[in-house]
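Here is a protein model to look at. The questions below ask why certain words are used for its parts.

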Amino acid sequence: MIGVKEWANFFTPEGLDGVECLRAHFMRRRFQVHAHDGYAVGVITSGALGFEYRGERLVATTGIVNTVVPGEPHTGEAAGEVGWSYRMLYLDAALVRSMLQEADVKSGDIIFTPGIVHDASLAARIATAHRLLEEGQLSVLARQSLMRSLVVAWMIRHGRETRPGRTLSFDPTQALHRVRQKLEDEYAEDVSLEELADLAGLSPWHLNRAFRQVYGLPPHRYQTMIRVRQAKSLLLSGARVVDAALETGFYDQSHLTRHFTPQIGVSPGLYRKSVQEKR
């Protein structure tokens, strides 16, 4: 559409630690395969979002709720010429678990089989809550109460409980688990595929194939995802973008930006500015 530009507003509501919000309109943005530490839930306010999730190609159109569970690889891109607009909530997994325990409704982790939910009343509730959080006029008590009631309603209506304490990623073999652990522990190191293959006791080709089957993306892309996640944590603590880039294994600030923006939805500079303004 002529005259329509992409834009994004990322913010963290005061008094809601573990909650991040994004309101955006994207047309050409393509989110690389990535996963979140926590839950993601949002509503499409216009257009259509297409994404790969749990082996399916899904399309969320206006008024549809889209959900992603922790650790589940997924993508994201426009499913039409007009792009899509949405309001997203990113929720720390431990925060969600504690909210459900407080309400005495769930005790374990929660999964969602579909990545899209047809629930008009929930969609309206998400959109309203997100707008109120963005406006910033509610008291801390009101924001906390609003978020708790929304999360509990969402989980009760559409969540399915797993066993308490069970991880939400696929159950890996011991060999692949060692590789993943090395990538997470030594995310800034420039490890080779041969080194990882030796650790797993597999050929490089078989490691790439098996790792992707289990975790949804090959080792090099998993490493980039972890580096972005760590850079995000450093920015949250106040680090400069260039320092966050160098400390997490990126060549420079532009290298971080090139990978950060397609995963998080905003540039590292905008993310840092948004979270620091709330401190």
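Q: What makes N208 count as buried, exposed or partly exposed?
A: The relative accessibility of N208 is 27%. Buried means under 20% relative accessible area, exposed means over 50%, and partly exposed is in between, with a 1.4 Å probe and protein chains only. N208 therefore counts as partly exposed. This is a predicted model, in which local features need pLDDT of at least 70, side-chain atom pairs count only at pLDDT 80 or more, and totals for chains, interfaces and linings use all residues. Residues are numbered from 1 along each chain as its sequence is written, and side-chain values use heavy atoms, with hydrogens and water left out.

Q: Where is N208, and which residues is N208 in contact with, leaving aside its neighbours within four places in sequence?
A: N208 is in helix α6; helices (H or I, at least four residues) and strands (E, at least two) are DSSP runs, numbered from the N terminus. Contact means heavy atoms within 4.5 Å, and outside its neighbours within four places in sequence N208 has contacts with L193, P218 and P219. The C-alpha atoms of N208 and L193 are 8.5 Å apart, with their positions 15 residues apart in sequence.

Q: Why are α4 and α6 called roughly parallel, antiparallel or perpendicular to each other?
A: The axes of helix α4 (residues 174-185) and helix α6 (residues 204-215) cross at roughly 85° and come within 11 Å. Axes are lines fitted to C-alpha atoms, for helices over the stretch in contact, and angles run from 0 to 180 degrees between N-to-C directions. Angles under 35 degrees count as roughly parallel, over 145 as roughly antiparallel, 65 to 115 as roughly perpendicular and the rest as oblique. α4 and α6 are therefore roughly perpendicular.

Q: Which residues make α4 and α6 meet, and how do they divide by class?
A: From α4 come L176, H177, V179, R180 and L183, and these meet L207, A210, F211, V214 and Y215 of α6. By class, this contact of α4 with α6 has 8 nonpolar, 1 polar and 1 charged residues. Here Ala, Val, Leu, Ile, Met, Phe, Trp, Tyr, Cys and Pro count as nonpolar, Asp, Glu, Lys and Arg as charged, and the others, Gly among them, as polar.

Q: What makes α2 roughly parallel or antiparallel to α3?
A: Helix α2 (residues 120-135) and helix α3 (residues 140-158) have axes that cross at roughly 160° and come within 11 Å. That angle makes α2 roughly antiparallel to α3. The contact of α2 with α3 has 10 nonpolar, 3 polar and 3 charged residues.

Q: Is the crossing of α2 and α3 left-handed or right-handed?
A: α2 passes α3 in a left-handed crossing. A crossing is left-handed if the near helix is turned anticlockwise from the far one by less than a right angle, and right-handed if clockwise. The crossing of α4 and α7 is right-handed.

Q: What makes H34 buried or exposed?
A: H34 has 3% relative accessibility, so H34 counts as buried. H34 is in strand β3 (residues 30-34). Not counting residues up to four places away in sequence, H34 touches E72, P73, H74, M225 and Q263.

Q: Why is L256 called buried or exposed?
A: The relative accessible area of L256 is 0%, so L256 is buried. L256 belongs to helix α9 (residues 253-264). Apart from its neighbours within four places in sequence, L256 is in contact with A231, V241, A244, A245, F250 and P268.

Q: How do you know that P13 is buried or exposed?
A: P13 has a relative accessible area of 5%, so P13 is buried. P13 is found in the loop between β1 (7-11) and β2 (19-26). Not counting residues up to four places away in sequence, P13 touches V19, C21, L133 and R143.

Q: What makes D104 buried or exposed?
A: With a relative accessible area of 72%, D104 is exposed. D104 is in the loop between α1 (93-102) and β9 (110-111).

Q: What is noted about phi of R54, and how accessible is R54?
A: Phi of R54 is near 55°, a positive value in a residue other than glycine. The relative accessible area of R54 is 35%, so R54 is partly exposed. R54 is in the loop between β4 (39-53) and β5 (56-61).
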